[in-house]
Amino acid sequence: MRRVLFNLMAWTIVLVTAFPLLWMVLTSIKPQFELFRMPPTFWPEQITFEHYARLLWETPFLTYMRNSLVLSFSTTVLVVAVATLGAHSLVRFRYPGRERLAQLVLFTYLLPSVVLILPLYLLMVWLGIANSLLSLVIAYTSFALPYALWLLRSFMQGIPDDLESAALVDGATRMEAFVDVILPQALPGIISTCLFTFILSWNEYLYALVLVNTDEARPLTTGVMSMLVSAFNIEWSLLMAASVMMSVPLIIIFAFLQKYLTRGFGAGGVKG
Amino acid sequence: MKPATNPLDRRDAWLGVMLIAPSVLIFCAVIVYPLVSAIYLSLFSIYTPTLQGNFVGLSNYAELLAGGEFWHSLANTLIWTVCTLTLQVVLGIAAALMLHQAIIFRSLARSLILFPYFVSTVVAVLVWRWLFNDLYGILNHLMIWAGLLNMPLDWLGSMPNAMVSIVLVGAWKYFPFVVIAVLARLQTIPDNLYEAATIDGAGAWGRFWDVTLPQLKDVLLVVVLLRAIWDFKEFDLIYLMTGGGPLIATQTLPLMVYKEAFGMDAMGRATAVAVAMMFVMLVFMLLYLRQAKQDAAK
């Protein structure tokens with residue numbers, strides 16, 4: 001009996017927490033007139049996908065989506081490639097200043113982006129690449145690279161030294177040992193880091209707000225908000241449909257790759 | 001693992017330097033240069049649209065410290081950080097303890113609890129602004145229906161409601177971070193500690209205070225420091241929920257930086273606010289770095 005009560009209470013709390021997200025989905029499939037009924041209906045009396053159709057064909061949503069995909073993929077590939085080499089160096093090589101560097105990485109990982117953003121903005125203007133996806137990729141490395149380096153460093157510290165030593169004894173060079181021994185061992189960590197970097201870039205708002213003000217280069221975050229601002233009367237069902245679409249990559253990651261997320265958390269976010 | 005006995009030592013130091021070089025170069029370009037540049041820019045008075053400016057020395061800082069707005073924003077930042085952080089920690093520990101128990105569909109429950117943390121702030125804000133909507137928002141309807149309110153409440157447009165609202169949304173969005181950290185730690189607390197406590201006659205509360213909390217102490221310290229740093233510099237959530245309003249009642253320091261730079265067109269003064277803010281944060285950052293060093297030494 002106590003078990004049942006506890007389960008009931010626990011699930012009530014879980015559902016209250018998840019309610020805003022459920023409400024987002026429900027609102028996005030209700031016809032417009034149903035939103036303004038008094039009292040409001042909980043389950044839609046009539047399910048419609050007209051908002052999704054309008055979103056895709058009558059707004060620049062698809063352009064934003066494409067921008068976000070290009071941006072997040074480029075940032076992830078660039079950052080994870082550079083950070084994998086860097087983390088390997090921080091963990092397996094010894095040279096003066098190495099510990100200092102590791103400390104610096106952690107420090108920059110905590111740095112507020114509002115401090116960096118104004119000089120970066122001036123830099124982009126000066127380079128003549130403001131208002132482009134390239135400028136955003138460059139700006140995103142400022143928070144994604146420290147994060148990825150730190151995460152990968154924690155993962156790679158967990159790989160035993162003996163494995164690489166054994167390969168070296170067998171006559172492999174350092175780079176061969178890295179490719180054949182370390183990379184396969186670090187793969188789960190690399191996947192986690194990719195997912196986190198992708199999510200970070202996908203959700204980023206401030207840099208996109210400051211560095212880009214044309215629809216051609218706007219990612220989803222600022223793009224969808226500009227739909228809210230420019231609309232004469234706010235169309236909530238359209239915005240909720242946009243929110244659902246924006247969360248699709250996350251839902252995919254959650255459904256299939258969640259173990260990599262929790263693992264990444266253990267390595268970087270918490271242990272420090 | 002000891003440096004002295006590691007056969008990989010020193011031999012290939014140059015290769016190690018080559019491997020870290022791309023990271024260091026990018027660091028210099030997107031972090032070190034902007035950081036130094038920010039401090040330099042804060043000594044100038046710069047008009048944003050033309051980016052022309054002249055050297056004014058420390059007068060940006062003098063103006064800030066003499067004016068009321070900086071202090072007001074700093075106070076707002078502290079209120080927001082302390083309130084939302086407290087809620088995050090309390091809710092996070094409670095939810096972690098709950099999810100640690102055997103409940104049906106536990107992994108689904110965990111996913112649902114974690115989702116707010118990973119969802120974009122833009123999505124979170126849109127959903128909450130719809131929930132908070134004064135005419136058609138479900139929150140007002142539910143509360144009137146339950147008899148908690150007589151008439152619709154203006155959640156975002158008046159004080160103190162606006163501050164309460166962003167604190168609540170911040171807690172909702174970020175408490176899963178605490179959940180994940182605490183949950184991972186809970187799984188490593190040995191059962192025999194609880195058995196011993198039970199034999200000594202401790203009830204559920206006693207076991208929580210005497211066994212669970214002391215075991216969680218270290219992880220909580222790290223979590224609190226990290227979240228304090230991140231909440232302190234939060235921009236997206238507050239900017240998108242209230243824009244700092246009504247007037248400047250919920251304007252925190254990051255919002256003030258943005259407003260000075262692009263609302264007031266005073267780029268120099270904006271960087272001065274940002275640099276000042278960074279120095280306030282430095283206390284937390286150094287504390288965290290020290291803690292991380294200690295943990296690594298263990």
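**Exercise 1. Place K233(B) in its chain, then work out what surrounds the side chain in this predicted model.**

Step 1: find the spot. K233(B) sits in the loop of chain B that runs between helix 9 (204-232) and helix 10 (236-241).

Step 2: look for a charge partner. K233(B) is buried but has no salt bridge. The nearest side chain of opposite charge belongs to E234(B), 9.1 Å away, while a salt bridge needs the nitrogen and the carboxyl oxygen within 4 Å.

Step 3: try the backbone instead. Here the side chain of K233(B) reaches the backbone oxygen of L111(A) at 3.0 Å.

Step 4: list the neighbours. Leaving out residues up to four places away in sequence, K233(B) touches Y109(A), L110(A), L111(A) and P112(A) from chain A, plus P254(B), M277(B) and M281(B) from chain B.

**Exercise 2. Sort out which residues of helix 13 of chain A are buried, and why they line one face.**

Step 1: pick the buried ones. In helix 13 (residues 248-256) of chain A, these are P249(A), L250(A), I253(A) and F254(A).

Step 2: look down the axis. The buried residues of helix 13 of chain A fall within an arc of 135 degrees, so they line one face of the helix.

Step 3: turn to the other side. The face of helix 13 of chain A pointing away from the buried side carries the exposed residues A255(A) and F256(A).

**Exercise 3. Take the salt bridges R54(A)–E58(A), D161(A)–R92(A) and E63(B)–R269(B), and describe where each pair sits and how buried or exposed its residues are.**

Step 1: get the total. Over all chains, the count is 11 salt bridges.

Step 2: start with R54(A) and E58(A). Their side chains meet at 3.5 Å, N to O. Both residues belong to helix 3 (residues 50-58) of chain A and are four residues apart, about one turn of the helix. R54(A) is partly exposed at 28% relative accessible area, and E58(A) is exposed at 60%.

Step 3: go on to D161(A) and R92(A), which meet at 3.2 Å, N to O. D161(A) is in helix 8 (residues 161-169) of chain A and R92(A) in helix 4 (residues 61-92) of chain A, so this pair ties together parts 69 residues apart in sequence. Both D161(A) and R92(A) are buried. They also belong to a salt-bridge network that links R92(A), D161(A), E164(A) and R174(A).

Step 4: finish with E63(B) and R269(B), whose closest N and O atoms are 3.2 Å apart. The pair links distant parts of the chain, with E63(B) in helix 2 (residues 59-66) of chain B and R269(B) in helix 12 (residues 267-297) of chain B, 206 residues apart. E63(B) is partly exposed, with a relative accessible area of 44%, and R269(B) is partly exposed too, at 24%.

**Exercise 4. Check some of the spans that UniProt annotates as "transmembrane region" against the modelled helix content.**

Step 1: read the records. For chain A, the unreviewed UniProt entry places this feature at several spans, including 103-127 and 181-202. For chain B, the unreviewed entry's spans include 78-99 and 163-184.

Step 2: check chain A. Residues 103-127 are 92% helix and 0% strand, with the end C-alpha atoms 30 Å apart. Residues 181-202 of chain A come out at 100% helix and 0% strand, with 32 Å between the end C-alpha atoms.

Step 3: check chain B. Residues 78-99 are 100% helix and 0% strand, and their end C-alpha atoms lie 31 Å apart. For residues 163-184 of chain B, the values are 100% helix, 0% strand and 32 Å end to end between C-alpha atoms.

Technical notes:
Residues are numbered from 1 along each chain as its sequence is written. Chains are lettered from A and ligands numbered from 1 in the order in which they are written. This is a predicted model: local features need pLDDT of at least 70, side-chain atom pairs count only at pLDDT 80 or more; totals for chains, interfaces and linings use all residues. Side-chain values use heavy atoms; hydrogens and water are left out. Helices (H or I, at least four residues) and strands (E, at least two) are DSSP runs, numbered from the N terminus. Buried means under 20% relative accessible area, exposed over 50%, partly exposed in between (1.4 Å probe, protein chains only). Lys and Arg count as positive and Asp and Glu as negative; His and the chain ends are not counted. A polar contact is a pair of N or O atoms within 3.5 Å; within protein, one must be able to donate a hydrogen and the other to accept it, and residues adjacent in sequence count only if both atoms are side-chain atoms. Contact means heavy atoms within 4.5 Å. The arc is that of the directions from the helix axis to the C-beta atoms. UniProt positions are given in the numbering used here, feature names are shortened, and annotations may be inferred rather than shown by experiment.
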